[in-house]
Amino acid sequence: MRNKDRNVYLIPYGLWMLLFVIIPLVLVAYFSLFDINGKVSLINYQRFFTPVYLKMTLSSFFYALVITAVSLLVAYPTAYWLSKTKHKQLWLLLIIMPSWMNLLLKAYAFIGILGKYGPINSFLVALGIGTHQILFTSFSFMFVAVYIFIPFMILPIFGAIEEINPSLTAAAYDLGATPWFAFRRVIFPLTISGVQAGCQAVFIPALSLFMITRLIAGNRVITLGTAIEQHFLVTQDWGMGSTLAVFLIITMGLTIWATSGRKRVG
């Protein structure tokens, strides 16, 4: 009876996975086999390996890697500092709170901040530097993306740091380890699972960004997410859009596999 009861509880989960994960993936793969005229063809996969789409794919990878790397460089010392503060839960709440705001609202807020008459350009004018085109650049796109994703990098790293037994670092210092050596050989290896989880949480959605590329970068940054949006909503080429989505899903799966923690045996 116990096994039957467990199987009953698994039914809602199985239905959810079937309706919202498996069937959508099958449909994406199915539509990728049709050209723009509705005929069954592999032309979309052939088009993907043309210079235009390969360049777009490399661009997506480049921006996602930069966003992930910058987020990690900022998030790790921030998470480490949070773990040492007295009111860590309050600081953590303040970091998480911006992620509760709608992404569109944050994008429009940055349009005002980075715009020609925004506070940053006003400050540059006050310094005598003059106004500069900050909005609609690759820099503004990556800056806003890092701001959006940084809480998702801080949280898993902070959790991993909190799980470290303080006696391990104390023992390293007692044995004569310098702070850098203790970090490199004790602290960082023990928090690698948090780093991996944070990189997954940032890199995967950064690959498919499309809204802030339009609002913040002014379509000067073209990613796979932008191309998928254009094919589905503008050109109505669902087949090519689905093909790009297939490669994006495969890339995400490989990313999760490559950054998954593996326990060492022996």
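These exercises walk through one predicted model.

Residues are numbered from 1 along each chain as its sequence is written. Local features need pLDDT of at least 70, side-chain atom pairs count only at pLDDT 80 or more, and totals for chains, interfaces and linings use all residues, while side-chain values use heavy atoms, with hydrogens and water left out.

**Exercise 1. The whole chain**

Task: Describe the make-up of the chain in helices and strands.

Solution:
- Step 1. Count the elements. There are 13 helices and 0 strands. Helices (H or I, at least four residues) and strands (E, at least two) are DSSP runs, numbered from the N terminus.
- Step 2. Take the dimensions. The C-alpha trace spans about 75 × 70 × 35 Å along its principal axes.
- Step 3. Check burial. Of the 266 residues, 36% count as buried. Buried means under 20% relative accessible area, exposed over 50%, and partly exposed in between (1.4 Å probe, protein chains only).
- Step 4. Check the reach of contacts (heavy atoms within 4.5 Å). Among those between residues at least 6 apart in sequence, 67% join residues at least 24 apart.

**Exercise 2. Two helix pairs**

Task: State how α5 and α6 are oriented to each other, then do the same for α3 and α12.

Solution:
- Step 1. Fix the terms. Axes are lines fitted to C-alpha atoms, for helices over the stretch in contact, and angles run from 0 to 180 degrees between N-to-C directions. Angles under 35 degrees count as roughly parallel, over 145 as roughly antiparallel, 65 to 115 as roughly perpendicular and the rest as oblique.
- Step 2. Take α5 (residues 103-114) and α6 (residues 119-126). Their axes come within 5 Å and cross at roughly 15°. The two are therefore roughly parallel.
- Step 3. Find the residues. Gly112, Ile113 and Leu114 of α5 meet Pro119, Ile120 and Asn121 of α6. They divide into 4 nonpolar, 2 polar and no charged. Here Ala, Val, Leu, Ile, Met, Phe, Trp, Tyr, Cys and Pro count as nonpolar, Asp, Glu, Lys and Arg as charged, and the others, Gly among them, as polar.
- Step 4. Turn to α3 and α12 (residues 224-233). Their axes come within 8 Å and cross at roughly 130°. This pair is therefore oblique.
- Step 5. List its contact. α3 gives Tyr53, Met56, Thr57 and Ser60, and α12 gives Leu224, Ala227 and His231. The split is 4 nonpolar, 3 polar and no charged.

**Exercise 3. Two residues**

Task: Decide whether alanine 79 is buried or exposed, and do so for threonine 137.

Solution:
- Step 1. Place alanine 79 in helix α3. Its relative accessibility is 0%, so alanine 79 counts as buried.
- Step 2. Look around alanine 79. Leaving aside neighbours within four places in sequence, it is in contact with Ile154, Ile157, Phe158 and Ile161.
- Step 3. Place threonine 137 in the loop between α6 and α7. Threonine 137 is buried, with a relative accessible area of 18%.
- Step 4. Look around threonine 137. With neighbours within four places in sequence left aside, it is in contact with Ile216 and Ala217.

**Exercise 4. The largest pocket**

Task: Name the helices that each supply at least two residues of the lining of the largest pocket.

Solution:
- Step 1. Take the volume, about 180 Å³.
- Step 2. Read the lining. It includes Tyr80, Ser83, Lys84, Ile161, Glu162, Asn165, Thr169 and Tyr173.
- Step 3. Assign the helices. α3 (51-84), α7 (138-162) and α8 (166-174) each supply at least two residues.
- Step 4. Sort the lining. It divides into 6 nonpolar, 3 polar and 2 charged.

On the terms: on a 1 Å grid over the protein atoms alone, a pocket is an open set of points where a 1.4 Å probe fits, with protein on both sides within 12 Å along at least five of seven lines; lining residues have an atom within 4 Å of a point. A volume is the space filled by probe spheres set on the points, which are joined across faces, edges and corners.
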